[in-house]
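Biologist: Could you take a close look at the aromatic pairs in this one and walk me through what surrounds them?

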Amino acid sequence: MNAINRNGQILKHSLKVLASSKRLIIIPILFAGIQFAAFFVGLFSIAYHWKSSSVFYNAGSLVLLAAVYFLLMFLVVFSHVALYNEIIQALNGNQMSLKRGLKAAAGKTRTILKWSFFCALGRLILSKISSDDTPVGLELSGLLDAYLSSRR
């Protein structure tokens, strides 16, 4: 019961901070727009590649798809690091700064790249395993999904 009360207090405090620092919502909106644009640029480039190729699935299209997926994963993680930094700053009573959040995330680019790579790779492996309808494939995909979800 203590955890429920604590989570309720954190939620109330977070909503107060958000109400007092409306600029805090800029970071997720900005990165959602960038991710949306990157998704469609990747989608259209893949569609163009497939249209110009006689083979629907070939090495080039799969590499392009993996690159777009990795880019989107990187943008998601980068934006979360920037947002989390500013949430902590706001909870400590400091003013929110988009520049400081981006600078904090940029300082962790190497770690973000590694994390994005392993998350993207794990999700691609999970996707491949889960497409296998055998009991072993389904069990492995469930275990891998649980592991990756617990690591966030």
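Modeller: Sure, and one term up front: buried means under 20% relative accessible area, exposed means over 50%, and partly exposed is whatever falls in between. Keep in mind that this is a predicted model.

Searching the whole structure turns up two aromatic pairs. One of them joins Phe74 and Phe78, with ring centres 5.7 Å apart and 35 degrees between the planes, so the pair goes down as tilted, since stacked needs planes under 30 degrees apart and edge-to-face needs over 60. These two sit four residues apart in helix α3, which covers residues 59-91, so about one helical turn separates Phe74 and Phe78. Both of these Phe residues are buried.

The other pair is Phe117 with Phe118, and here the geometry is edge-to-face: 5.3 Å centre to centre, with the planes at 70 degrees. As for accessibility, Phe117 has a relative accessible area of 43%, so Phe117 lands in the partly exposed class. Phe118 comes out at 52%, so Phe118 counts as exposed.

Back in helix α3, Leu75 is worth a look too. Leu75 has 12% relative accessibility, so Leu75 is classed as buried. Leaving aside residues up to four places away in sequence, Leu75 touches Phe31, Ile34, Gln35 and Ala38. Take Phe31 out of that list: Phe31 and Leu75 are 44 residues apart in sequence, yet their C-alpha atoms are 7.1 Å apart in space.

Conventions:
Residues numbered from 1 in each chain as written. Predicted model: local features only at pLDDT ≥ 70, side-chain atom pairs only at ≥ 80, totals over all residues. Heavy atoms only, no water. Phe/Tyr/Trp six-rings, centres within 6.5 Å; stacked < 30°, edge-to-face > 60°. Buried < 20%, exposed > 50% of the residue type's maximum accessible area, 1.4 Å probe, protein only. Contact = heavy atoms within 4.5 Å.
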